[in-house]
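Student: Could you take me through one part of this structure slowly? I would like a close look at a sheet and the helix that packs on it.

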Amino acid sequence: MMAIGVLTSGGDAPGMNAAIRALVRSAVYENKEVLGIRNGYTGIFNEDAMNMDLSSVADIIHKGGTILGTSRSEKMRTEEGLIEAKKHLDAMNIEHLVVIGGDGSMHGALALSKLGQSVITIPATIDNDLGYQHGSIGFYTAIETILDAIGKIRDTSSAHKRANIVEVMGRRCGDLALYAGIAGGAESVILPEVDFDFDGVKKKMLAGKLRGKRHHIILLTEDKLSAYALAKDLEEATGIETRVTVLGYVQRGGIPTGADRINASRLGAEAVAYCRGEKKSLALGLVHGELKAMDLEEALAVEKTFDRDMYHLLDKISI
């Protein structure tokens with residue numbers, strides 16, 4: 001009997017387990033066999049897979065991380081490795097492979113599809129850096145994690161009359177900092193998509209101090225610039241003690257929000273609906289709340305656009 005294979009790859013994201021659960025339960029409902037591949041693409045090379053049933057996915061919808069484990073595989077970057085992976089998938093009788101992950105994971109799936117493997121991808125990355133869809137699995141939970149940290153940092157910063165630079169994940173995509181900045185009432189947000197304005201941040205800090213404000217929260221997207229060097233420069237320029245908090249991997253963990261659980265459940269179930277008939281190369285996603293399926297190669301070619309309207313809103317309300 002041909003099976004549906006499912007794996008989680010790359011960085012983990014809260015809600016991956018909800019997607020796995022919905023996929024397995026939908027498959028059981030349709031009398032389809034599911035093989036869960038452990039530890040991402042690495043598990044393909046080891047043929048490290050387990051049969052999944054209702055018991056396999058009991059009590060996981062609320063858990064962060066991924067019960068299947070995840071990794072990054074260098075072998076998937078080579079032609080020889082891809083050919084080997086396809087042979088192992090055939091040996092495991094996997095007809096359709098569902099890949100839950102981000103940009104790198106999806107490129108691996110695309111490469112396999114060009115060797116004849118049917119693949120369906122589900123977007124799961126806290127960075128929300130996939131241009132073809134809105135709100136990847138894990139994004140909303142990561143925002144809540146950042147908001148929780150901002151609230152606590154604001155309390156201690158206010159007690160000591162300090163500024164605090166909070167470094168968040170995202171790298172080339174500033175969505176985490178942008179959306180958390182709006183929701184968390186940050187005074188300044190530094191994004192990869194916008195030229196950094198040191199004087200603008202300095203003026204906001206001094207203006208706040210002048211009107212009696214006891215804190216100043218600055219959100220910084222990782223890799224834009226050095227948080228510690230910026231803190232030193234701002235403290236020298238304003239006379240306001242400035243500390244740094246790097247949130248790091250705490251943003252990937254935690255109980256997924258209701259929004260991420262619902263989105264993941266919809267996408268997991270939808271993947272099974274496409275595991276019928278002819279071979280496919282599809283990217284699933286939510287676009288303005290609606291489920292969409294696109295050709296995988298076309299989806300990966302969609303450039304991520306920066307939401308200028310949201311940035312203007314932030315600029316307006318953070319004065």
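Tutor: Happily; here is the sheet, followed by the helix and its contacts. The model is predicted, and local features need pLDDT of at least 70, side-chain atom pairs count only at pLDDT 80 or more, while totals for chains, interfaces and linings use all residues. Residues are numbered from 1 along each chain as its sequence is written, and side-chain values use heavy atoms, with hydrogens and water left out.

Let's begin with the sheet. Seven strands form an open, mixed sheet in the order S3-S2-S1-S4-S5-S10-S11. Strands (E, at least two residues) and helices (H or I, at least four) are DSSP runs, numbered from the N terminus, and two strands pair if DSSP finds at least two bridges between them. Strand S3 (49–52) and strand S11 (290–295) are at the edges with a single partner strand each, so one side of each has no neighbour in the sheet. Strand S1 (residues 3–8) and strand S4 (residues 94–101) run parallel and are joined by six bridges; in S4, histidine 96 is the bridge partner of isoleucine 4.

Now the helix. H9 packs on this sheet and touches S1, S4, strand S5 (118–123), strand S10 (281–287) and S11, where contact means heavy atoms within 4.5 Å. The direction of H9 makes about 150 degrees with that of S10; axes are lines fitted to C-alpha atoms, for helices over the stretch in contact, and angles run from 0 to 180 degrees between N-to-C directions.

H9 (residues 258–273) also meets helix H1 (residues 16–29): their axes come within 7 Å and cross at roughly 35 degrees. Among the residues in contact are Ala22 and Leu23 of H1 and Gly268 and Val272 of H9.
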